[in-house]
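Trainee: Could you take me through one part of this model closely? I would like to look at the main nonpolar core and the elements around it.

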Amino acid sequence: MSVQTIRNVFSVESGYRLSDDQIVNHFPNHYELTRKDLMVKNIKRYRKELEKEGSPLAEKDENGKYIYLDFVPVTFMLPADYNLFVEEFRKNPSSTWIMKPCGKAQGKGIFLINKLSQIKKWSRDSKTSSFVSQSSKEAYVISLYINNPLLIGGKKFDLRLYVLVSTYRPLRCYMYKLGFCRFCTVKYTPSTSELDNMFVHLTNVAIQKHGDDYNHIHGGKWTVSNLRLYLESTRGKEVTNKLFDEIHWIIVQSLKAVAPVMNNDKHCFECYGYDIIIDDKLKPWLIEVNASPSLTSSTANDRILKYNLINDTLNIAVPNGEIPDCKWNKSPPKEVLGNYEVLYDEEMAQSDGPDRDMRSRSGQTTGIKGNRARDSGKPVLTTWK
């Protein structure tokens, strides 16, 4: 079902009630995670709540930055946060920022700026004389642009990873092993003269496929396993394991941030498309989460991947192809997971003790498959299962 259909199904006006043998592929208010502005708002709230509780996860360094929860670029909502943004911009006037409409996808409406005058021009072009919140004006987010991305072959890329959530309370999520990298078709340059060239800066296939250098055979894509091999051979196995452990950590924390506000309807499951960018220091950043990741294929490999993704997702949502039953405990047997792996199971995590998250983040495991402590060399249980 499309997100619009889901909205209608759960609308109070429609008066529709799902029966026990009906399940749907979106949570009613999935936008708490998948709208760019709400995702950032929920992550900021989550950090503050952990800070208030005195959680070690909310620890900050001497510069006031979160040590474990700094995984989203500095972001403001426009027009609401314009004055806060200006204050931040003036601290580092040579920085580049990226503007995105909150409710659009596939790279639509995105542009880069490095001068305040460009924002004022955008405001005028939007037929708004001042930064006063107006219902008619489309909301945007503006984020600090990651201008030091990890490059391969001189080109910028991002990761598209698929994450399936079967329930938010308790949180149970699965990581799909067959994610991929999406490459730009033009070599990256931080030069301000190329700020308008989206073939340099945006990895969306919807944009890149119109470029002169787009390759229709491989579609500018690389499998995650290829990326892993490349990083292990160029940077070493230990730092590569650490990077993927951090990516898994980011995903789990983002889901925990929205879990309290998500309408955890028993008829729902959802497969999200996570977009992650890795910088040249091998630090991963969460860019956005898609509620309806593209299931169309641009290459033969893409077609196989998406087919298997749909198949494996349905096998978890409806094990053994039986008639759906929304009352079941949503714990499918291991043999039906296919290319999915359990990323986080809150019930199991709680039985392992309250310090589980902290142990995981302090570098004692290597993620989904990790079973070796990097510091001590002793085997430990993976923290994600």
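Mentor: Happy to. One term before we start: contact here means heavy atoms within 4.5 Å. Keep in mind, too, that this is a predicted model.

Let's begin with the core itself. The largest nonpolar core holds 60 residues, and Leu33, Tyr168, Leu255, Tyr272, Tyr274 and Leu286 have the most contacts inside it. Helix α9 (residues 237–258) gives this core its largest share, ten residues. In soluble globular proteins, nonpolar side chains tend to be buried together.

Leu255 is a good place to zoom in. Leaving aside neighbours within four places in sequence, Leu255 is in contact with Leu33, Val163, Val165, Tyr168, Leu171, Cys173, Tyr272 and Tyr274.

Now follow the chain to the hairpin of β10 and β11. Strand β10 (residues 270–278) pairs with β11 in the antiparallel sense, over six bridges. One of the residues to find is Gly273, whose bridge partner in β11 is Asn290. Five residues lie between the two strands of this hairpin, and Leu282 takes a positive phi near 60° there. Strand β11 (residues 284–290) is mostly covered, with six of its seven residues buried.

Finally, have a look at the cavities. The whole structure has two of 30 Å³ or more, and the second largest has a volume of about 100 Å³. Its lining has 13 residues, and Cys268, Phe269, Ala317, Trp328 and Lys330 are the closest to its centre. Both β6 (155–168) and α10 (300–317) supply at least two residues of that lining. By class, the lining has eight nonpolar, two polar and three charged residues.

Notes. Residues are numbered from 1 along each chain as its sequence is written. This is a predicted model: local features need pLDDT of at least 70, side-chain atom pairs count only at pLDDT 80 or more; totals for chains, interfaces and linings use all residues. Side-chain values use heavy atoms; hydrogens and water are left out. On a 1 Å grid over the protein atoms alone, a cavity is a set of points where a 1.4 Å probe fits but cannot get out, and a pocket is an open set with protein on both sides within 12 Å along at least five of seven lines; lining residues have an atom within 4 Å of a point. Grid points are joined across faces, edges and corners, and a volume is the space filled by probe spheres set on the points. Helices (H or I, at least four residues) and strands (E, at least two) are DSSP runs, numbered from the N terminus. Ala, Val, Leu, Ile, Met, Phe, Trp, Tyr, Cys and Pro count as nonpolar, Asp, Glu, Lys and Arg as charged, and the others, Gly among them, as polar. A nonpolar core is a set of buried Ala, Val, Leu, Ile, Met, Phe, Trp, Tyr and Cys residues joined through side-chain atoms within 4.5 Å. Buried means under 20% relative accessible area, exposed over 50%, partly exposed in between (1.4 Å probe, protein chains only). Two strands pair if DSSP finds at least two bridges between them.
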